[in-house]
Structures are given as C-alpha cells and as structure tokens.
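The following paragraphs lead the reader through one protein chain, beginning with a single helix and widening to the whole fold. Please keep the sequence and the model in view while reading.

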Amino acid sequence: VRRIPDIILMDIRLPGIDGLDAATKIKTQFPQTKIIFLTMFETQAFRETFATQVGSDYIGKSDLYDQLIPAIKRVLGKK
C-alpha cells in the first residue's frame, strides 16, 4: 500500500539539498501534499520565496509553539 502524506513539516536547510529543491521534488510526485516550512530565517524574502513557490505555509521556529496548529489547520482548510 502506497501512502501519500497530507502534510509535510520541513526545514528550509537540509543536509545535501535545500528545502526549496526538496519541496519541488515532493510536489512533482505528490502535488496535493501540503508543505509547511520551518526555519530560523524569518525574513520576508524567505517567506515569499518558499511559501509562495512550493510551500503551503511558513513558520519561524521562534513562533513554532504558537503557530504550528493554526498553520496546519490553514493548509488543510480547517478553521
């Protein structure tokens, strides 16, 4: 049985590949999968680049505890 993830939590910096490249590969195989990026790089430029190109949302790690559940609900279309 092949399982397709509904949502992936991913850091922008990964060993050997950056999050944008990894997310692009994931979205090619699983276009319906939502991706939430987690990072310490909390600039507007990163938010625009990663969240709008392939991600579904973006959370700064400093806001993780307050923003994770709301972000998951947003990308899954639940309030």
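In helix α1, the residues Gly19, Leu20, Ala22, Ala23 and Ile26 are buried. They lie on the same side of α1, because the arc that they cover around the axis is only 160 degrees. An α-helix has 3.6 residues a turn, so residues three or four places apart point the same way. On the other side of α1, the residues Lys25, Thr28 and Gln29 are exposed. These statements, like those that follow, concern a predicted model.

What does the buried side of this helix join? The largest nonpolar core has 12 residues, namely Ile8, Met10, Ile12, Leu20, Ala22, Ala23, Ile26, Phe30, Ile35, Phe37, Val54 and Tyr58. At least two residues of this core come from each of β1, α1 (19-29) and β4. The most is given by α1, which supplies 4 residues. Apart from this core lies another, of 5 residues, including Leu38, Ile59, Ala71 and Val75. Among the members of the largest core, alanine 22 touches Met10, Leu14 and Ile17, when residues up to four places away in sequence are not counted.

The strands named above lead to the sheet. An open sheet of 3 strands is arranged in the order β1-β4-β5, and its pairing is parallel. The edge strands, each of which pairs on one side only, are β1 (7-11) and β5 (57-60). From one strand to the next, the twist averages 25 degrees. In general terms, strands of a sheet pair through backbone hydrogen bonds, either parallel or antiparallel. Here, strand β4 (residues 34-39) runs parallel to β5 and is joined to it by 4 bridges. Phenylalanine 37 has tyrosine 58, in β5, as its bridge partner. Both Phe37 and Tyr58 also appear in the largest nonpolar core.

Between α1 and β4 there is a loop, and threonine 33 lies in it. Is this residue buried or exposed? Threonine 33 has a relative accessible area of 0%, and therefore counts as buried. Leaving aside residues up to four places away in sequence, threonine 33 touches Ile4, Pro5, Asp6, Ile7, Ile8 and Lys27.

A further helix, α3 (residues 64-75), lies across β1, β4 and β5 and runs at about 175 degrees to β5. Arginine 74 has its place in this helix. Its relative accessibility is 47%, so arginine 74 counts as partly exposed, a class that lies between the cut-offs of 20% and 50%. In sequence, arginine 74 and aspartate 57 are 17 residues apart, while in space their C-alpha atoms are 8.3 Å apart.

The whole chain can now be considered. Its secondary structure comes to 3 helices and 5 strands, which follow the pattern β-β-β-α-β-α-β-α along the sequence. The protein chain has 79 residues, of which 32% count as buried. Among the contacts between residues at least 6 apart in sequence, 46% join residues that are at least 24 apart. The chain exposes about 5,400 Å², and carbon and sulfur atoms supply 55% of that area.

Methods
Residues numbered from 1 in each chain as written. Predicted model: local features only at pLDDT ≥ 70, side-chain atom pairs only at ≥ 80, totals over all residues. Heavy atoms only, no water. Pairing = 2+ DSSP bridges. Axes fitted to C-alpha atoms, helices over the stretch in contact; angles between N-to-C directions. Contact = heavy atoms within 4.5 Å. Core = buried A, V, L, I, M, F, W, Y, C linked by side-chain atoms within 4.5 Å. Buried < 20%, exposed > 50% of the residue type's maximum accessible area, 1.4 Å probe, protein only. Areas by Shrake-Rupley, 256 points an atom, 1.4 Å probe, with all protein chains shown as cover. Arc of directions from axis to C-beta.
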